[in-house]
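The following exercises are to be worked through with the sequence and the structure in view. Each task is followed by a solution in steps.

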Amino acid sequence: MKVKWTLYLFATVFIGLYEALAAVAQITISDLQVENKVALVGIDVKPRFSWIVNSAQRGATQTSYQILVSKSQAEGSDVWNSGVISSNKPYLIEYAGPALSSDTHYFWSVNVVTTAGSGSASSEFTTGFLSASDWNPSLWIGKPATGLAIPDALISSFRSASWIWTSETGATNAPAGDRAFRKTFTSPSGKTSTSALILMTVDDQFTLYVNGNLVGASPTSQDIWRTSQRFSVPLNAGSNLFAVRATNLADVSSGGNSPAGLLASIQITFSDGTTTIISSDSSWRSIKTVPANFQSPSLDDSSWAAANVLAQYGSGPWGTGVALPSGDVTPTISLTDSTWIWSSESAQPSAPAQPRAFRKTFQTPSGKTLKSAFIILTVDDGFTLYVNGALVGSSPDQIDIWKSAQRFTVPLSGSSSTVFAVKADNLADVASGGPSPAGLLAAIQVVYTDGSSTVLLSDTTWKVNKNVPTGFELPSTDDSSWSSATSLGKYGVSPWNTQVSISDALGEHPAPLLRKEFSVSKAISFARLYYAVGGYASITINGVPASDHVLTPGFTKYDTQTEYVVIDVASKLKAGNNAIGVELGRSHYAVTQGNVWNWNNAPWRAEPTLRTVLSIGYTDGTKARVVTDGTWQVTEGPTRLDDVFGGENFDASYLKPGFDSPGFVTTGWVNAQVVTGPKGVLVRQRELPSRVVQSMKPVSITQPVNGIYVAAFERVVAGWAKITVTGPAKTLITIHFGEKLKASPLFSDGTVIFEDNNHYYANNFQTDRFWLAGTGAPEVFEPKFSYKGYQYVQLEGWPGTSAPTADDIVGQVVHDDLPPRGGFDSSSDLLNKLHKAVVFTMLNNVHSIPEDCPTFEKNGWSGDAMLGAEMFLTNLGAEDLLAKYVRDLAESRPNGSGPPGVIAPDSGWGANNHSPTWHSAFIFIPWWLYQYRGDRRVLEDHYDSMKNYVEFELGRSPNNIASTGLGDWVSPETSPAGGNAPEDMRVSATAYLYKMLTTMNQIAAVLGKSADATTFSSQAANVKTAFNNAFLSKSTGYYVGVGDSGYRQTHNLLALAFDLAPNATAAQNAADSISNDVVSRGNHLNTGALGTKYILPMLTDYKHGDTAFAVAQQTTFPSWGFWIANGANTMWEHWALESRSRDHLFLGTFEDWLYKHLAGIQLSSPAFETVSIAPVLTAQLASARAWTMTPFGNLTVDWANISGNIRIDVGVPVGVNATVVIPASSVQQVLEGGQQLSSQGIVVLGSDNNNVRVSVASGKYSFTVAK
């Protein structure tokens, strides 16, 4: 008995001691962050500190904190001691000590006192460059300009030349059509002309001739006049004629007159080395009707009128918007003088759906030796090209591919004849299945070894055969019995008109390799690599990657801000000799292919460039720097072309193994060129880096067409494919990426849909090309500078007879490495699949900006970002991505005022777009960052700009009614190609204007700008009155616009969501009308992007939860479940199966409802300091659970409703107070932890409408309600 008593006493003492010790350690401090990142390296703003307090004790709250900052040791305070600050706030506490030093490591600690005990923790951070001078003495470098440089004198003359045109009635505006211009230059006495260097542009396009010979033409991409073209030509000794066919296109919007002008400067070089320059002016001759032989020197142009001078460079509608050409410019031949040809048919230009064979034999002139042929070819509907019997290439397999002529360069040799052979395909008319337009159009430039050339054009000298004989392409084939081709008319003839653009899929713009060797002579304390890039950089040190970052630095508007990255590379350096290797990609800085978004003509457009500082600190306290300058070495690498939209062309024969290691032999390398670099201020990359976050093997590999393999992956992703293959040298493997397979009536062969059917891009799209070096060992290709949206990868040209294996085609998933910050799960398999799909979609669409889709546009559409911002903040660590994007929006405002662009960053495209629905992102996203993350700085940084925009929007809204060019985009009845809902867009525009004003009222109040708050409140009231007067129907009781196509759900949803209804009765009437319409449609929505975000929340809030749940569970068109039923694993761009994109987030905003309503988590003060937890328990759902990481910690809800027995588990982080709403008819029905609420010390706020409301502080709670 005594032993038992002794043991009892010992146990009692031990337990008491344990409890006492536990009381002291009731809290832990975790997740120490500076500017939302752990141990951040490179901070260049005033730091803000955050931490999480953890405690198992209920009701714990932080009462004070103390922050210490030290250069020397953890928990030291030699730099700053905040003192003890009474506050419950553990997030974004701003540093308030002395100025920090650049490029310096700091320790920081926080001491926290709570009602449950005290705790402390330490971490570290490192500053970046806090001043522009910190980058000295580094310089921007790149590869030297190749080809013929443009002399300064010619540039100066071009920039003082005059815009000229024919005399028109509308000043600088002229009708669409062609004009001819001529300028004759006669060499001065005693001088002999030898060559000319020409800079020229025409708004819109031109073809240039010198002495009657075709020299070249401008590309045909949109706004190509913004980039001048450069040509170098030999001249006659005495007189020389420069002749130009100049084309003006109709205005895109009106179809009427548009600005037209020619601008040129020509530097003529004489045999003695001297030069003279002539420029476009009134001495040029012009004519409105272009004679057939206008370019001939024999033509008498004395009757032509003097050219009309419109404006000097820098003025007129063109301003200073003409860029100089960069890099090596190859004069391009044109299709302008080519003839559409086909076989003779009864109903031309229509022909039966049959192939035809064409041949053109070219005899090499005496005394000439062949070097190459440059070919431009298109066929309506497609072609395969052969030269001297060898397959050269074919047109892509896509609808209307004839609109994009393909370019090919073929090596030739010898002095014999050359046979160009084409198998031309014509497809049946899509509608009738009968004959359709058929034609071939070509231009071929045959180049000789002496530099001269001959141009061949498609015409009636070509031979054609209606049957395609076996071996038709061989030089030995006798085509003497073939018919002459029939002329259908010159370029521009109907039905093709001038719709043909010229692709340059294989054009080379090689990525530079740069290297620098340096020595490390002492023990290293730290080594940090700072790098800024115009474009992307792939960096290796001593043969290994400097980091796991890809597609870095992030994309910005480079002439206002350029991001730099800082990484710790101490572990990569070694004693003795070291080497840095860098490959530069183009990103959006140096886009080469024409595109509708005008990236190739952006104001900052230049070749990729690098600025780097390697900062090394030694243990003895000394420091050293390795910087970019003209001593770095450069050469061309294996990436022969990279385009963030199009893909990459990679030739392994150009690999330089070991170039990034010390001791590499640099024979043939040259010194880097010091360049100007981007104009934008250098700022640390704020958003998280992109990484390869997952590697996937295909779930199947098929061969739907002989020689074409298709690898299918488990889901739609963003990224690229890693290819491993063995084969002969120069084997070309073409790799296409797409989200869908071809299954339409026109193309249904099971291959991948990779084509740019919208014709956004001039050359490449979603395609990589890999030429093997032929080493005999497995060769690996993995892109560095482009990413694609895909579920399917198509391989063409795979060598050998064996199919590729799953190890040969690895799908790499690439996006910003955003950490999970929330999760949702329920008893509904459909809702779970939808949640997972929307998270996948969000992640696929973050590559330094929130995108619309990773496949087609890769643009930061402001409407998409606005609609998705809340679900980003609920699910992912996206706060820095969105804060960076807000800056992008701010910088997209023309001249720093007015509306932001509809895409950001922008090239100038979309500026001044009138779309307040989309522009609202500039107001709502900063506000949500403050609400969800407590980020006040983003409001302070942009308040003046936000205020300026909202005032601007109100000012262009007559009588307080706004308008917009972008409304409820892609409602179900719109085309799958996209479009606004058939409704009065003033309703959504005015609703958004009102919401922006009420939000600005709240922001002004937060920032203490009371006068502004009052003004915004008054303005909002006026807009609300105007909205209800204009759109609230007295007869129906709901909202109606002018010209609406039937009842519009979105009109009424926005009125409810933005609190526009004049009273509660009107609001309920509008809600009832929405529910009635949904039910009348068989429980289907009829909303586009704007209304979809609010349909489930508003139906639920206004007592139509069952209708909301029926919409959420719907599986027929239009619905989210319809996508899932049809195999979707991401969100789509349109409700229809024909949706262009299957990786588009803006229709996936049901996600807000999952968290806010099904889980019931709704913040009621910034950063979730107070929160309402009121899950919607429906009979259709047995359980749901969710979590979201707030600035205070993890907030969780887990509920079940089994046969009427309700359980609601809640986890509330330290510092948060939650109001929990429990469905019960009385307080006595509710238990917590199996006990009555009163015995648990839980505050009951009240009970009404069969709900009990309680208030709880931090801790874990389990509420139950018995049936």
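**Exercise 1.** How do the residues of the lining of the largest cavity divide into nonpolar, polar and charged?

*Solution.* The model is a predicted one.
Step 1. Begin with the cavities of 30 Å³ or more, of which there are six. The largest cavity holds about 110 Å³ of space.
Step 2. List its lining: Met871, Thr874, Tyr932, Glu1151, Asp1152, Tyr1155, Lys1156, Ile1161, Gln1162, Leu1163, Phe1168 and Thr1188.
Step 3. Assign the elements. Helix H4 (862-875), helix H16 (1151-1158) and strand E65 (1161-1163) each give two or more residues to this lining. The most come from H16, which gives four residues.
Step 4. Sort the lining residues by class: six are nonpolar, three polar and three charged.

**Exercise 2.** Determine whether strand E60 is covered or open, and identify its pairing partners.

*Solution.*
Step 1. Strand E60 spans residues 767-771, and five of its five residues are buried, so the strand is mostly covered.
Step 2. Consider the directions of the side chains. In a regular strand, side chains alternate between the two faces of the sheet. In E60, Thr767, Arg769 and Trp771 point one way, while Asp768 and Phe770 point the other way.
Step 3. Examine the parallel pairing. Strand E50 (residues 647-651) pairs with E60 in the parallel sense over three bridges, and Phe650 has Phe770 as its bridge partner in E60.
Step 4. Examine the antiparallel pairing. Strand E57 (residues 732-738) pairs with E60 over five bridges in the antiparallel sense. Here Trp771 of E60 is the bridge partner of Leu732.

**Exercise 3.** Is Lys37 buried or exposed?

*Solution.*
Step 1. Locate the residue: Lys37 lies in the loop between strand E1 (27-34) and strand E2 (41-43).
Step 2. Apply the cut-off. Lys37 counts as buried because its relative accessibility is 11%, and buried means under 20%.
Step 3. Find its surroundings. Leaving aside residues up to four places away in sequence, Lys37 touches Leu32, Arg684, Arg686, Leu688 and Asp880. Its side chain reaches the backbone oxygen of Arg686 at 2.7 Å.

**Exercise 4.** Which are the edge strands of the open sheet of six strands?

*Solution.*
Step 1. Write out the order of this sheet, which is E30-E29-E32-E27-E36-E37, with antiparallel pairing.
Step 2. Read off the edges: strand E30 (390-394) and strand E37 (483-484) each pair on one side only.
Step 3. Inspect one pair within the sheet. Strand E27 (residues 356-362) and strand E36 (residues 463-465) run antiparallel and are joined by three bridges. Opposite Phe358 stands Val464 in E36.

Note on methods:
Residues numbered from 1 in each chain as written. Predicted model: local features only at pLDDT ≥ 70, side-chain atom pairs only at ≥ 80, totals over all residues. Heavy atoms only, no water. Buried < 20%, exposed > 50% of the residue type's maximum accessible area, 1.4 Å probe, protein only. Pairing = 2+ DSSP bridges. Polar contact = N/O pair within 3.5 Å; in protein donor to acceptor, adjacent residues only side chain to side chain. Contact = heavy atoms within 4.5 Å. 1 Å grid on protein atoms, 1.4 Å probe; cavity = no way out; pocket = protein on both sides within 12 Å on 5 of 7 lines; lining within 4 Å. Points joined across faces, edges and corners; volume = space filled by probe spheres on them. Nonpolar A, V, L, I, M, F, W, Y, C, P; charged D, E, K, R; others polar.
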